[in-house]
Amino acid sequence: MKLITILCLLFCMDARAQRQKIDPISFGGVKLAEERMPIDLDAFGIESEGTYQVKGVMIRDSLQWVRLDRSLLLPRALLEVSFNAPLTHRYSWNYANQKIIPLFDQTRGHYTARIFISLFESLPLQLTEGEKIVSVVRILPSPKLRALLIDYSCAPYSVELSGIDKDFISVGCKVQRTGLFGEEKPYLEVLLSSAAYRMKDQSGPPYLVAFHESGAANISLVNYRGEEKVLKISARVPAKLPRLRLAGGLGPYMLETKDKNGDKRSQIAPTAMLYGNFALNETTSLRFFDSYSRNAATFHNWGTYFAWDLAEFCDQRCVLTSLIGAQGVEFRAAGGATTQSDLILPQGLEFIYKHPFGQLNYKFSYGMFASFSGLYDYENIWIRYGKSYFWELNYIDWRQDDRRAAMIGLSIGFPLGSFF
């Protein structure tokens, strides 16, 4: 168990380094994200107009998913553009406020460039000669298709869109706390991007809708042909963002004990749990738990610890969290007259997989505490699945001198309340 813990710590250090890596791509500060839906590059057409006859070709196997501002999920692909023109030093491509200088083949009088194009953003690719725009290339979705990608980050807020069909739209969310401590309210930012439509002033995507309360917003969008649509965006926002959350748990557990005389006993023991989580910010919290099992013997285990996220991976759906704190153990053997108390310092890790198997707002977690000291032997392992209500499989094993208490069982957890 100690070896597993050490390996997890080494892994999380590497994962954190990878998490902070920013990929140098051709539009904005984005980072690679996992693929959320299949994209067929044949579903996008290439249109060119202007002085030069520009040929555009999508490069196969170049499709990637990226995140913009840690919330908006967008696909991109390499587009190769080429045209014939005499040698000059005045040609450049302009895309998303970046200048790309094409390569020139002097034997053919041929200019060519490969540029990452965002497929869900209606951004034109402009060929400039000096300061003059001489040709424009657009990537447009097939009018026969429609794709709406609402990111997992929007799942808690029931974000919905309507009003535009025959388009590819991506939506992402992030929430911030506003107000005084104990009265904090959510400020939900919904970012959206369309492959075919823009605002009437031709400002580029993404567009932001800010929800300080539940409601809907409407905006007129137009495509480059001048066709107008009204897009409606709605969301449900909670009235408060509490920092302290409490939950309880109940279940039958098998309790195995050994007293100082070496007498062993196994029994079914009703068990009650209490869980608490006080959020300090997005990545750190103070947590506590209390587990109490009693039949002929009594086993009481409680702990409080500081938790902080060491790494995010799998496109922010997987989180590895470090748990550092202290625990207390109280044990009384069957028929015993005294209670053995112990204060221990096991450290732990928890792995959380958000929205597992496509189940929105659910969480699957695996966690453990282990001892690095030879003064006592302690293990605590749990597997948890659910959302507000959850199932938990838990195993705890504590040993000191000749005494031992071990419990394993399945419990159901439920919310008790939220405060502050």
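Let's start with Lys-166. Lys-166 is exposed, at 51% relative accessible area. This is a predicted model, by the way. Where does Lys-166 sit? Lys-166 is in the loop between strand E13, residues 160-162, and strand E14, residues 168-178. Now look at its backbone. Phi at Lys-166 is positive, about 55°, and Lys-166 is not a glycine.

Cys-314 is the next stop. Cys-314 also isn't a glycine, and has a positive phi of about 55°. Its place is the loop between E23 and E24. Is Cys-314 buried or exposed? Neither label fits: Cys-314 counts as partly exposed, because its relative accessibility is 40%, and that class lies between under 20% for buried and over 50% for exposed.

One more backbone point. Go to Pro-205 and Pro-206. The peptide bond joining Pro-205 and Pro-206 is cis, with omega about 5°. Pro-206 is in the loop between strand E16, 198-199, and strand E17, 207-211.

Now the charges. Side chains of opposite charge can pair when their charged atoms come close. How many salt bridges does the structure hold? The count is 16.

Take Asp-315 with Arg-67. Their closest N and O atoms are 2.5 Å apart. This salt bridge links distant parts of the chain, 248 residues apart. Asp-315 is in the loop between strand E23 (298-313) and strand E24 (318-332). Arg-67 is in strand E4, residues 64-68. Both Asp-315 and Arg-67 are buried.

Next, Arg-114 and Glu-80. Here the closest N and O atoms of the salt bridge are 2.8 Å apart. Distant parts of the chain are linked again: Arg-114 in strand E9 (residues 110-118), Glu-80 in strand E5 (residues 72-84), 34 residues apart. Check the surface. Arg-114 has a relative accessible area of 51%, so Arg-114 is exposed. Glu-80 has 25%, so Glu-80 is partly exposed.

Third pair: Arg-177 and Glu-184. Their salt bridge has its closest N and O atoms 3.4 Å apart. What about accessibility? Arg-177 comes out at 33%, so Arg-177 counts as partly exposed. Glu-184 comes out at 6%, so Glu-184 counts as buried.

Then there is a network. Which residues does it join? Glu-256, Asp-397, Arg-399 and Arg-404 are joined into one network by salt bridges that share partners.

To wrap up, keep two spots in view. Lys-166 carries a positive phi. Asp-315 and Arg-67 form a salt bridge, and both are buried. That's my tour.

Definitions and conventions. Residues numbered from 1 in each chain as written. Predicted model: local features only at pLDDT ≥ 70, side-chain atom pairs only at ≥ 80, totals over all residues. Heavy atoms only, no water. Salt bridge = Lys/Arg side-chain N within 4 Å of Asp/Glu carboxyl O. Helix = DSSP H or I, 4+ residues; strand = E, 2+ residues; numbered from the N terminus. Buried < 20%, exposed > 50% of the residue type's maximum accessible area, 1.4 Å probe, protein only.
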